[in-house]
Every structure is written in structure tokens, then in C-alpha cells.
Amino acid sequence: MLTAVTMIIEIVAGWLTGSMALLADGIHMGSHVLAIGLSWAAYVLVQRLSANPSFTGNKEKVLTLSGYTSGLILLIFAGMIVAGAIGRFINPRVIEYREAIMIAFIGLGVNILSAFLLHHDHEERDNNIRAAYLHVLADTLTSLAAIIGLATAMIWELPYVDAVAALLSSAVIVKWSLGLLRDSGRELIS
């Protein structure tokens, strides 16, 4: 719930302040909310399947499929961030830097707390937990990129740095999502 509220605040603040980096952070936090919800739903489904003696399928595949789906969602959101950042190069907007930086710091705090709560010793073996954890780490990265990009743009009066920060964040998100898709995809076809 904390992440969902923060996501709404970041998206609205990104739009109102004109910051693509903050908007990207909020949009990506939306994928984070979706991934955590998807992970939770997968665990609920596995519990129900475990209680059903007539189910003979592989319950672990449900968790892996959730991780794979989460990787796809990450990739889609990264594409949305890239499109928005390119749009800002073409049609720049005035950015309310101080307000955007303050909101980005709030997002960073929520992401750090979420990463701490999601970190488990068995996350490397469970692509469902790994997916949720990677979403949080990617969100932490986008928050840091937003803060650094906004501060740089404000100090040196280079508003395009805000869009560059969003592009850099999306590149890392793409890398992590492709790794998650590769690993969970291998488990799904084995």
C-alpha cells in the first residue's frame, strides 16, 4: 500500500513538476506495485493448488510464470520510459526541480524500505521473489537517477539531463528484465 501511494504521488508530481525522470520513477513504481501483487497472487494460487489433491501439475511453474510475466512487465514499462524521454527531447518542458527532487527522495526511501523487506536468502532460487526484488532494486535505481538527473539539470541549467536520467534508468531496467526473462524462461521450458 505504501508503494502504491508513493507511485501515485510520484506520477502526479512528475506530471505537475515537468520532470520526466520523476514521472519515469513513478511509472516504474507502478510496475513494482503490479509485480508485488503478481507475486502475492502466485503464492496464493500455489497454496490453493497445494491444498487440492486432484491437481497433479507443477506448482513451481506457477511461481516461475509469475516471474516471467513480471520480466515482461518490466520490459514494457522500460519502453514507455524511453518513449516519454524521447518526447521530452523533442518537446521540452519547464521543470520544478526542488519539488521534483523532494518527491524523488520520498520514493527512494520507500524503495529502500521495500528492498529490505523483500530481500530473502532464497531469492536466487525463486524467480517469483527475485522478480519482485528486482522491481524494487530497479525502482531504487530510477529514484537515484531522478535525484541525480534533477540536481544536475537544476545546478547547470541543463533540462535535457532529466530525460537522459530516465533513459539510463530504462537501460538498466531492460538489462535486468532480459536476465529475468532468460532465467525464468529456461525454467518454464525445462
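**Helix packing, core and pocket in the predicted model**

Thr140 is buried, with a relative accessible area of 13%. The model described here is a predicted one, and this residue makes a convenient way into it. Thr140 sits in helix α5. Leaving aside residues up to four places away in sequence, Thr140 is in contact with Leu108, Asn111 and Ile112. Of these partners, Leu108 and Asn111 are among the buried residues of α4.

Helix α4 deserves a closer look. This helix comprises 22 residues and spans 31 Å from its first C-alpha to its last, close to the 32 Å expected at 1.5 Å a residue. Its buried residues are Tyr97, Ala100, Ile101, Ile103, Ala104, Gly107, Leu108, Val110, Asn111, Ser114, Ala115 and Leu118. An α-helix has 3.6 residues a turn, so residues three or four places apart point the same way. Readers may like to trace that spacing along α4, for instance through Tyr97, Ala100, Ala104 and Gly107, which are among its buried positions.

The nonpolar interior comes next. In soluble globular proteins, nonpolar side chains tend to be buried together. Here the largest nonpolar core contains 17 residues, and Leu22, Tyr97, Ala104 and Leu150 have the most contacts inside it. At least two residues of this core come from each of α2 (20–51), α4 (97–118), α5 (127–156) and α6 (160–189). The biggest contribution to this core, six residues, is that of α4. Apart from this core lies another, made up of 14 residues that include Leu23, Ala78, Ala85 and Ile173. Within the largest core, Ala104 offers a useful local view: not counting residues up to four places away in sequence, Ala104 touches Glu10, Leu22, Ser143, Ala146 and Ile147.

Helix α4 also takes part in the largest pocket, which holds about 180 Å³ of space. The lining of this pocket consists of Met1, Leu2, Thr3, Ala4, Val33, Ile36, Gly37, Val110, Leu113, Ser114, Leu117 and Leu118. Two or more lining residues are given by each of α1 (2–17), α2 and α4. With five residues, α4 provides the largest share of the lining.

One of the lining residues is Ser114, which belongs to helix α4. Ser114 is buried, its relative accessible area being 10%. Its contacts, again without residues up to four places away in sequence, are with Thr3, His32 and Val136. Thr3 is itself one of the residues that line the largest pocket. Ser114 and His135 lie 21 residues apart along the chain, and 9.9 Å separates their C-alpha atoms.

Two further sites complete the picture. Side chains of opposite charge can pair when their charged atoms come close. One salt bridge is counted in the model; it joins the side chains of Arg182 and Asp183, with an N to O distance of 3.2 Å. Arg182 has a relative accessibility of 44% and therefore counts as partly exposed, since that class runs between the limits of 20% and 50%.

The other site concerns the backbone. Most residues other than glycine have a negative phi, and most peptide bonds are trans. Glu157, by contrast, has a positive phi, near 55°. Glu157 is found in the loop between α5 and α6. With a relative accessible area of 67%, Glu157 is exposed, whereas Thr140 in α5 is buried at 13%.

How values were computed. Residues numbered from 1 in each chain as written. Predicted model: local features only at pLDDT ≥ 70, side-chain atom pairs only at ≥ 80, totals over all residues. Heavy atoms only, no water. Core = buried A, V, L, I, M, F, W, Y, C linked by side-chain atoms within 4.5 Å. Buried < 20%, exposed > 50% of the residue type's maximum accessible area, 1.4 Å probe, protein only. Helix = DSSP H or I, 4+ residues; strand = E, 2+ residues; numbered from the N terminus. Contact = heavy atoms within 4.5 Å. Salt bridge = Lys/Arg side-chain N within 4 Å of Asp/Glu carboxyl O. Expected span 1.5 Å × (residues − 1). 1 Å grid on protein atoms, 1.4 Å probe; cavity = no way out; pocket = protein on both sides within 12 Å on 5 of 7 lines; lining within 4 Å. Points joined across faces, edges and corners; volume = space filled by probe spheres on them.
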